[in-house]
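Here are my notes on this one, as promised. Have a look at the model first, then go through the points below.

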Amino acid sequence: MPVFEALRLALQTIRAQKLKSGFSLLGVFIGVASLIGAWSIVNGVNRYMTEKFAQTLFGVNTFQLRRRPIFTPNVPDSVWRAWARRPRIRFSDAEALSDGFTVPVVTAWQSSENNTVSYRDKQARDIELTAASERYFEIKNLRLATGRAFTAQENRSGAAVAVLGDAVAQRLFVDRAPLGRNVRIGGMTYRVIGVVEKQGSVLGFPLDRFVVVPALSPAQNLVNPPGILDAFLVKARTEPEMRLAMDQAEGIMRSRRHLRPRQDDNFALDTSEGVQRFWAGISRILVVVLPGVVVVSLVIGGIVIMNIMLMSVAERTREIGLRKSLGARRRDVLRQFLAESAAIATVGAAFGVVAGIALTFLIAAASPLPASVSPVSIVLGVVMGAGVGVVAGVYPASRAARLDPIAALRQE
Amino acid sequence: MTLPLPQTFRTGDTPLPDIVILTHKLTRAYDMGGEVVRALQGVSIQIRKNEYVAVMGPSGSGKSTLMNLIGCLDTPTSGEYWLNGQKVSDLVDDELARIRNKEIGFVFQTFNLLPRANALHNVELPLIYAGHGARERRAQAARALERVGLGDRMEHRPNELSGGQRQRVAIARALVNDPSILLADEPTGNLDSTTSAEIMAVFRDLHRQGQTIVMVTHEHDIAAHAARVVTLRDGLIASDQLQAA
């Protein structure tokens, strides 16, 4: 019997016994669906981290000079205390660096603190108030939906102008035009000159609850003591130029702080790599744990299929006897039952793929996790599903193939 | 009374050309939990082309065992079995499957049709294992069904057919590969007397068309349709006689 014939027969049998086949493919279905679903989450977060986070939120070829690293999981208290004793970054540090770079870079100052922004009787609380210099928007890739960013002139003169995040504009103005209106930030009056495009959220954290004001405007006192910066942002044109700029920044800062050669830096130069390294650690754990879960459900799926196939062989003993009496060889019977279990598993895997993709879209829509389907996971899912079917079918099929036709025909 | 064999067969001989079935001192013993049961104790029989033979005998006489051996479903403990000029008694499993497929058409007491498949597909089954293409299979199966008068029932499933029609589907299936022998095991055992007569008429027609038929039965009035009756008792041939049609 040709393979095609065996497959056709298998599909007929599956169609004829929908309920039983449905149960038997459940295990593979769940295995493949969870494989694709989980893989999609990891894949989605991965892409988010490498593409959107690194490029948009942090900025490409960008580093930050800070008192301590920005993203620091699992740091012992002693290290925290050491970091807290470090001197802070000063305006004068930033100016010295700007003068010292020999590679072309774009730089910005940044200090942030939560505060309340209000318009008439409406208040937006817990808003990230950022005092920054004018190139901040460029480095952070913040495009304006309406209005404009502030100028270098306005930054130097400390003009009381503000650029709002989308959520803040929505909260304060609902459907009125925000441009030209006066908002109050910590008791000071600021004129709205622009609103930034909606940024969405990352891993559940909203990205649109901010106000950016000129670094030297009156609100600077709300974010930091006079002359102090949270971060000095430096964006180079290429990665090698960024490395060069980082070396120069390190040299300049060490000499300004009078550090001896043996002494460690008492400042941090952060890139988006730090964050990505942290994520890579998490995803490595997922990559180890995930296959375990999938393998367990596929093994269970295989055992279920094996049992159902054994039942099926027992039920169809007479049919097997008949087929043998009509000239079916062992390999014909073997092939028939192998095709059947492989087909059941593949159909289960196919449904699993569909469910996994649906699950992915559901997760992407309903949760902050940026899930995205990986084509590799689909191929892998189907191949593994079909493989489970073949492996699970071997024992029942060989039992069927070994049946004695006389005894099989005599069975009621 | 036993018919003289057409040829005095000795080990090492080959059967005469018109002998379809030749068994020589065929024995079959089963090991039933340490106890050896000798179902056949040396059966020598020769059946010519286009003979219509009924095999009779009480239960335990060995007629089912002989039937299984002639049908190549089983292999003898000793002795020779030649089918259509080929010695099949020492063939292995897959070779026997091929012989069953090409040379033997089975008709069972319980019909043994696949319940989910229609008449046409049931008749096609042997051709699938013979490796024929789909179109050829369908045409051949349709011809076989027309031969047994079921040309208008091809799309019907077994549960949509009467007992007699089911047995005729089974006969069409047995004939579809144009076998050397039609081997029927109590073909009317599950049928009433009217339907039995109908099936016997089909057998008579097939015999007239040149088909060799071997039929196992325990009913004398069914055996009466055959031209020759072989009776077994205790694993040996008790009698072998021709009878008027």
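1. Helix α4 (residues 91-100) of chain A packs against helix α9 (residues 239-256) of chain A at an angle of about 135°, their axes lying 10 Å apart. The axes are lines fitted to C-alpha atoms over the stretch in contact, with angles from 0 to 180 degrees between N-to-C directions. α4(A) and α9(A) are therefore oblique to each other (not under 35, over 145 or 65 to 115 degrees).

2. Which residues meet there? A:D93, A:A96, A:L97 and A:G100 of α4(A) are in contact with A:Q248, A:A249, A:I252, A:M253 and A:R256 of α9(A) (C-beta atoms, placed from the backbone, within 7 Å).

3. A word on the source: this is a predicted model, where local features need pLDDT of at least 70, side-chain atom pairs count only at pLDDT 80 or more, and totals for chains, interfaces and linings use all residues. Residues are numbered from 1 along each chain as its sequence is written, with chains lettered from A and ligands numbered from 1 in the order in which they are written.

4. Over in chain B, the buried residues of α6(B) are B:S196, B:I199, B:V202, B:F203 and B:L206 (20 or more other C-beta atoms within 10 Å of their own; exposed means 12 or fewer). Seen down the axis, these fall within an arc of 115°, so they line one face of the helix. The face turned away carries the exposed B:S193, B:T194, B:A201 and B:R208.

5. Just after α6(B), B:G210 has a positive phi of about 110°.

Key
Helix = DSSP H or I, 4+ residues; strand = E, 2+ residues; numbered from the N terminus. Arc of directions from axis to C-beta. Contact = placed C-beta atoms within 7 Å.
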